[in-house]
Amino acid sequence: MISLAALARRAAPVLACIGLLAMWQVASIVLKNDSFPTAIEAIRAIPDILGDRESLLNILASLRRMAIGFGVAVLVSIPLGLLMGRSRSVAAFFNPLLMVIYPVPKAALMPIIMLWLGVGDITKTLVIFLGVSLPVIYHSFEGAKAVEEKMLWSGAAMGLSTAQRLVRIVLPAALPEILTGCRTGLVLALITMITSEMIARQSGAGNILFNALDMGQYDTVFAMIIIVGAMGICLDAIFERIRARLVRWSEPQFDMPLSFS
Amino acid sequence: MKVVPSRSSEWVRPVTPQKPASAIIEIDRVSQVFQTSARKDHVALSDISLTIEEGAFVSILGPSGCGKSTLLYIVGGFVSPTSGAAKIKGQAITGPGPDRGPVFQEFALFPWKTVLGNVMYGPRQKGVRATEAEAQSRALIEMVGLKGYENFYPKELSGGMKQRVALARTLAYHPEVLLMDEPFGALDAHTRTRLQNDLLNIWERDRKTVLFVTHSVDEAVFLSDKVVMMSKSPGRIRDVIDIDLPRPRRRNELLLDPRYQKYVVNIERMFDESDEAGSPS
Ligand SMILES: Nc1ncnc2c1ncn2[C@@H]1O[C@H](COP(=O)(O)OP(=O)(O)OP(=O)(O)O)[C@@H](O)[C@H]1O
Ligand SMILES: [Mg+2]
């Protein structure tokens, strides 16, 4: 038997999506604006996009850049963040650099990077890399800083070297925090992926979207928005599954009671 | 000459050693000065000298802030003293090592490892084969009374259970010296008593050297061969009291023993005095 609470937990995201689409449908019917198609019109345009070989290749190219940008960023940022968290001199060196880069919208760097590296894959992947890096570094840094000293001492007493302690104690202990950063990074990867393709149109999901916008094909524009949104939801859901597996040991055991009825 | 009860031939050991007990830890004129945020030097330990004999159970007793933990950390090699030196078996202590096993008041278990994973960690690090380490660890877990909890994560355990795991985790890599920092301080009275009994049983079995920090007089007298009484501001050794009580010790017998009661009363009085002495200058 599934409990009512479990049922509610499963149904919640579906209900949220249906609710959103319904509100959209009503809003577009009320507003009667040419550039605001109804939800149903937009959904109807989706098979056309996904059925088109050219469009599909574009979307796959986007995903590939995103995967590479995200992957490389995570691989570089976690070690850097952990080192910063455990070494004051490393932190003192990198912190000001990162503080300068953090508030700059990464897409705003696109035009400059395009001058150096052209409009191709490298530029866009680099922008995604930059977008993902900062939250991952930041959360790895905070996670590593918060590792209980006595835990490291226990490891040292067992004979773990400094490097071993970093990999075998700091990394797992900070993992929940690191993965929080990665999740933010994943969302940012999607955002920078689309914006980079808005600025350097050549291929990709953003390319389809903004070309359609220029040509006034609003069904396609909104269909693409749904597709990108769905991609976001799917990626996040996959990530969340992996995350929950990796840090099962740290999840809180009890929900906060919303009422004691 | 006292009458030796026949049930124990061991208990005389700390009193009249058959073989000369050899020093395992020597603390030689150790001082520790901390820079506080007020930019004022704070003398946590002043000129501490202490010798701990192999196989002895030594408690460090003193008011809060007298530097008990700091002293333990120095012996553990986690902190290096401002001046003076600590030695283990004649070798200067320069850092932590598997010959000294700490058990911290905060447990400091690895939360991403199960009970079994935590206990196996030390032996695995030492290079013991997985199957062997697992068998040993399971036996230890049973010994500390946690059979059936091998696959639990630390967050799923109570405070007393975590403390047991912490003890088992340290015992698992066979340190020659156990360094225990108020290991039972955070526990309720009942659990505390049980763990004291368990610790005593374990210790009486293999007689490791134990350096045990506590601020409970009962606990110190009940467990120890020797109680080191400290006073604070600055942290100094005020007295070293030999506890001349028979072993194996049984709690119910000991509580009725006038010798035990006398030790407790005397040390409590000393404790009060050293606490009064220690108002910050
Ligand atoms: N890292 C530090 N920096 C500055 N001062 C410190 C530091 N560690 C300890 N002290 C100071 O040294 C003194 C001794 O501290 P310690 O923790 O050794 O005391 P303790 O005897 O273990 O006390 P308790 O029984 O409360 O645990 C305290 O006055 C404390 O303020
Ligand atoms: Mg302390």
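Biologist: How should I read the salt bridge of A:Arg64: which residue is the partner, and how far apart are the closest N and O atoms?

Modeller: Bear in mind that this is a predicted model. The general idea is to look for a side-chain nitrogen of Lys or Arg within 4 Å of a carboxyl oxygen of Asp or Glu. In the present case A:Arg64 is paired with A:Asp121, with 2.9 Å between the closest N and O atoms. The pair links distant parts of the chain, since A:Arg64 belongs to helix H3 (residues 53-86) of chain A and A:Asp121 to helix H6 (residues 121-145) of chain A, the two being 57 residues apart. Over all chains, the structure holds 19 salt bridges.

Biologist: How many helices and how many strands does chain A have?

Modeller: Chain A has 10 helices and zero strands, and its elements, read from the N terminus on, run α-α-α-α-α-α-α-α-α-α. Along the principal axes, the C-alpha atoms of chain A fill a box of roughly 70 × 60 × 30 Å.

Biologist: Which residues form the nonpolar patch on the surface, and which helix gives the most to the patch?

Modeller: To read such a patch, one asks which nonpolar side chains with over 30% relative accessible area can be joined within 5 Å. Here the patch is formed by A:Ile112, A:Leu115, A:Trp116, A:Leu117 and A:Ile122, which together have about 610 Å² of accessible area. Helix H5 (residues 110-117) of chain A gives the most, with four residues, and A:Trp116 lies in that helix.

Biologist: Turning to chain B, in what order do the four strands of the open sheet stand, and is the pairing parallel or antiparallel?

Modeller: A general point helps when viewing any sheet: in a regular strand the side chains alternate between the two faces of the sheet. In chain B the order is S2-S1-S4-S5, and the pairing is antiparallel. S2 and strand S5 (91-92) of chain B are at the edges with a single partner strand each, so one side of each is left without a neighbour in the sheet. Strand S4 (residues 83-88) of chain B pairs with S5(B) over two bridges in the antiparallel sense, and B:Lys87 stands opposite B:Ala92 in S5(B).

Biologist: How many bridges join strand S9 of chain B to strand S10 of chain B?

Modeller: Six bridges join S9 (residues 226-231) to S10 (residues 236-242) in chain B, and these strands run antiparallel. B:Lys226, for example, has B:Asp242 in S10(B) as its bridge partner. Four residues stand between the strands of this hairpin, where B:Ser233 takes a positive phi near 50 degrees.

Biologist: Which residues surround ligand 1, and how do the residues of its shell divide by character?

Modeller: The shell can be read as the set of residues with a heavy atom within 4 Å of the ligand. Among those around ligand 1 are B:Phe34, B:His42, B:Lys68 and B:Glu182, and the shell divides into three nonpolar, six polar and two charged residues. Strand S2 (41-53) and helix H1 (68-76) of chain B each supply at least two residues, the largest share, three residues, coming from H1(B).

Biologist: Where do polar atoms of B:Gly65, B:Gly67 and B:Ser69 lie relative to ligand 1?

Modeller: A backbone N or O atom lies 2.8 Å from an oxygen atom of ligand 1 in the case of B:Gly65, and 3.0 Å from one in the case of B:Gly67. For B:Ser69, a polar side-chain atom lies 2.7 Å from an oxygen atom of ligand 1. Taken alone, ligand 1 exposes 630 Å², of which the protein buries 62%.

Technical notes:
Residues are numbered from 1 along each chain as its sequence is written. Chains are lettered from A and ligands numbered from 1 in the order in which they are written. This is a predicted model: local features need pLDDT of at least 70, side-chain atom pairs count only at pLDDT 80 or more; totals for chains, interfaces and linings use all residues. Side-chain values use heavy atoms; hydrogens and water are left out. A polar contact is a pair of N or O atoms within 3.5 Å; within protein, one must be able to donate a hydrogen and the other to accept it, and residues adjacent in sequence count only if both atoms are side-chain atoms. Accessible areas come from the Shrake-Rupley method with a 1.4 Å probe; for residues, only the protein chains shown count as cover. Ala, Val, Leu, Ile, Met, Phe, Trp, Tyr, Cys and Pro count as nonpolar, Asp, Glu, Lys and Arg as charged, and the others, Gly among them, as polar. Two strands pair if DSSP finds at least two bridges between them. Patches are made of residues with over 30% relative accessible area and no salt bridge: like charges are joined within 9 Å, nonpolar side chains (Val, Leu, Ile, Met, Phe, Trp, Tyr) within 5 Å.
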